[in-house]
Amino acid sequence: MKILKVIPFFVFLITATLSAQDIAEHTAGLRLGDSKGFGAELSYQKSLTRYTRLEANLGWRDSKNFDAFKVSGIHQWVFAIDNGFNWFYGAGAGFGSVDFEPIADPNNPSNVQKPDGGLFIFAAGDVGIEYNFDFPLLVSLDIRPEIGLTGYEHFSDNFDFDIALGLRYKF
């Protein structure tokens, strides 16, 4: 009779192990990070195959010098490490808009200059690690290097690192 109690446990364990190998069909949540100003992104992931997914983000950045929003799309490849841990990498692109705060001349406060801003386009990579909990939560830490491709008049095509913590609900 004890064997009958053990069999359901092993069936559950095998099922949980096999499902941990797959990536979630859908996730939605927040990606909180910092790249020249704290920002948050609404993030959605959709699995494409057993080992790939598409991540779409709508975010905003806020600092004392500017306000910006950006939209990005990243195609990711996901690989199992062990016990719910995965690592991933990907590539994609995005666009956004920035609005700079007026700058007053310290010697002449009435002389206020407003730097130009506007639309920008960037290419992005992505590499990170994530943990799939047994309940519907996915936690990730990733680095998204971004390089500006084109933009407004005084656009800087610098290479930026966008580091973020992701908290997503799996469904």
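In the predicted model, Leu58 makes contact with Ala40, Glu41, Leu42, Phe69, Lys70 and Val71, when residues up to four places away in sequence are not counted. The residue belongs to strand 3, which spans residues 52–62. Despite these contacts, Leu58 is not classed as buried, because its relative accessible area of 40% falls between the 20% and 50% limits and therefore makes the residue partly exposed. Leu58 can also be related to Leu30, which stands 28 residues away in sequence, with a distance of 9.7 Å between the two C-alpha atoms.

Strand 3 also contains Leu54, for which the relative accessibility is 40%, so that this leucine, too, counts as partly exposed. Once neighbours within four places in sequence are set aside, the contacts of Leu54 are with Tyr44, Gln45, Lys46, Leu48, Ile74 and His75. Between Leu54 and Gly90, which are 36 residues apart along the chain, the C-alpha separation is 9.1 Å.

With regard to the chain as a whole, the secondary structure consists of 1 helix and 10 strands, and the order along the sequence is α-β-β-β-β-β-β-β-β-β-β, with the helix preceding the strands. Of the contacts in the chain with a separation of 6 or more, 52% join residues that are 24 or more positions apart. The chain comprises 171 residues, of which 32% are buried, while the exposed area of the chain amounts to about 10300 Å², with 68% of this area supplied by carbon and sulfur atoms.

Technical notes
Residues are numbered from 1 along each chain as its sequence is written. This is a predicted model: local features need pLDDT of at least 70, side-chain atom pairs count only at pLDDT 80 or more; totals for chains, interfaces and linings use all residues. Side-chain values use heavy atoms; hydrogens and water are left out. Helices (H or I, at least four residues) and strands (E, at least two) are DSSP runs, numbered from the N terminus. Buried means under 20% relative accessible area, exposed over 50%, partly exposed in between (1.4 Å probe, protein chains only). Contact means heavy atoms within 4.5 Å. Accessible areas come from the Shrake-Rupley method with a 1.4 Å probe; for residues, only the protein chains shown count as cover.
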